[in-house]
Amino acid sequence: MCGIVGYTGFQDAYEIVINGLRRLEYRGYDSAGIVLEGSDNKLEVEKTKGKVEDLVNISKQLKGTANVGMGHTRWATHGVPSDRNSHPHLSNNGKIALVHNGIIENYDTIKTMLSEKGFTFQSETDTEVLVNLIQYFMDLNPEIDFPTAVRYALNEVYGAYAITVLHEDHPGVLVVGRLGSPLAIGIGEKEYFIASDASPFVEFTKEAIYLEEGHMATISLENGVDIRTINDNSKIEPEIQELKLSLEQIEKGGYEHFMLKEIFEQPKSIHDTMRGRLIVEEGVIKMAGIWDHVEKFKNANRIIIIACGTSWHAGLIGEYLIEEYARIPVEVEYASEFRYRNPIITDKDVVIAISQSGETADTMAALKLAKERGAFIYGICNVVDSSIARITDAGSYTHAGPEIGVASTKAFTAQLTILTLIAFKLGKHNGNLGNAEFMSLIAELEAIPKKVEEVLSATHELTQDIAKNFVKATNFLYLGRGYNYPAALEGALKLKEISYIHAEGYPAAEMKHGPIALIDENMPIVIIAPKKGHYDKIVSNVQEIKARKGKVIAVVNKGDRQVSEMADYVIEIPETSECFSPIIASVPLQLLAYYIAVYRGANVDQPRNLAKSVTVE
Ligand code: F6R
């Protein structure tokens, strides 16, 4: 979602901000803007609906004019994507500029109050209300300083925000604040950077402060970083962290899209997720997060997995894994439903939150609710130090590396890897998984990265050939059973989000209860049919589809005959135990979705309307 970049230092602020906004493009946006403090400290604003390159086209004249500035990529919430609604927004007196990520929920009440005092508004945004509220406090009491006015304003609003503010009369000073949306401050030599994540400044500094919930900071070359609590202005000692992120990790490395790069990174990301945890020679899984709280898991009434989107699909597979191997009851919930339905949660429940970004607003809110009601909270996040990672009682990072493509790929298979490790570890500990089976499963798990590598090389060209036949398709069905039912859901989600083809995932047996009505010669059906996992039943499903002339794309094990003979297109994957097959089967489905989208000319890395981290509900 919205991206923020800010800079104060000695370099060209225009270059830093524009390049920073390019790095944040992956978050998803529909308009972009920049404000710089010109030589006479006048604020120079340029903003436009569209992409960062559209912004560059209208703002080139600002290059080399300033050492202080900030920029924004907007993902529309209040008001359509338009030049007027783009950020930065200026206060009525033109002196204060503000960029904002999040939603001010009570903006309407404040807008009415400000309108009564004579303020006028150019846009439909909640952000313009906030910047004018800051002016209001400064007008009301000319004695108060700029950061105090920002603090007063933030104390009046509720909702979620990360903001950065500049004031013409306070040159070189950036005021930032956060509640719900992330914000990082990069500490360089005689320069400071602000950004929604560290990617815009990774080549300039390895030191950063992640602003905590409810904190604000005043940043200037003169006085450094002064952090305060928003509610009572208490001073906070900054906690400087060393960034692990490198420039190579956030570049495309020769691939046409981040998504393709990330699909191909999976042998490594799965391996990295297991590294130091799975020690096959010693016959152990080392996971401190689980081990330190193993009794909590062992004695849990149930485990509730909370997530959204792709992470929710991983959660469904987690349910199959944990129930099969650890025999602990598991429920999987959409975070957005869980948080609003007054769920029954007790201190005997363990809640596992799965989130690649660690910033998803619904997942965060659901966790807070579960925590308030006494549950033990475990996090599975990819982004280190993300908001969700920080509020959990314990957790495991997936170590998949930065995922830039909006469609989640390597984070998903890394989530499955962690869930597999958790299921095996708990199963071994509580005695449901005998030693011989445990040893054989972990040996197989260790070999999964190699199998993913094989699948990538065996299916890369094949999926391109198959994709060419479906460029004009308008609908797809994805079917699977058991562990591969969630894999079918995930395959369908991948296709619809990047190609804009309508796709539905179903448990194969459910076909007869409705979707079969859709099947005719124009309906492509992807069916996941590995040998281990209700194969005979799937054979019957394929027969039913073929009897209605549906076009079958079958994902089968090498050497398969029955399904392959009936299918129109066959994608072979190596045989594994059923519990690993979603990892293996997902890879060609990611490639298929990717190539269909590419052939349709879609913007694969930044699909329309989607955001990488969904920081508003
Ligand atoms: C799909 C996708 C989304 C996310 C969802 C949750 O490819 O990326 O469905 O999975 O928005 O995001 P996280 O995992 O960051 O909480």
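This is a short talk about the aromatic rings in this structure and the charges that sit over two of them.

Okay, so bear in mind that we're looking at a predicted model. On to the rings: there are 17 aromatic pairs in here. Let me pick out a couple.

Take Phe297 and Tyr378. Their rings meet edge-to-face, with 5.5 Å from centre to centre and 80 degrees between the planes. What does that pair tie together? Well, Phe297 belongs to helix H9, residues 294-298, while Tyr378 is part of strand E21, residues 376-381, so the contact links parts that sit 81 residues apart in sequence. And are those two buried or exposed? Phe297 is buried, and Tyr378 is buried too.

Another edge-to-face pair is Phe470 with Phe476: the centres are 5.5 Å apart, and the planes make an angle of 65 degrees. Phe470 has 6% relative accessibility, so it counts as buried, because the cut-off for buried is under 20%. Phe476 comes out at 1% relative accessible area, so that one is buried as well.

Then there's a group of rings. Which residues make up the cluster? Tyr7, Phe193, Phe201 and Phe204 form one aromatic cluster.

Last bit, the charges. If you zoom in on Tyr29, you'll find the charged end of Lys51 over its ring, 4.3 Å from the centre. Over at Phe121, the charged end of Lys111 does the equivalent job of sitting over the ring, here with 5.2 Å to the ring centre.

That's the tour; happy to pull any of these up on screen.

Methods: Residues are numbered from 1 along each chain as its sequence is written. This is a predicted model: local features need pLDDT of at least 70, side-chain atom pairs count only at pLDDT 80 or more; totals for chains, interfaces and linings use all residues. Side-chain values use heavy atoms; hydrogens and water are left out. Rings of Phe, Tyr and Trp (its six-membered ring) pair if their centres lie within 6.5 Å; planes under 30 degrees apart count as stacked, over 60 as edge-to-face and the rest as tilted. Helices (H or I, at least four residues) and strands (E, at least two) are DSSP runs, numbered from the N terminus. Buried means under 20% relative accessible area, exposed over 50%, partly exposed in between (1.4 Å probe, protein chains only). A charge sits over a ring if NZ of Lys or CZ of Arg is within 6 Å of the ring centre and within 35 degrees of the ring normal.
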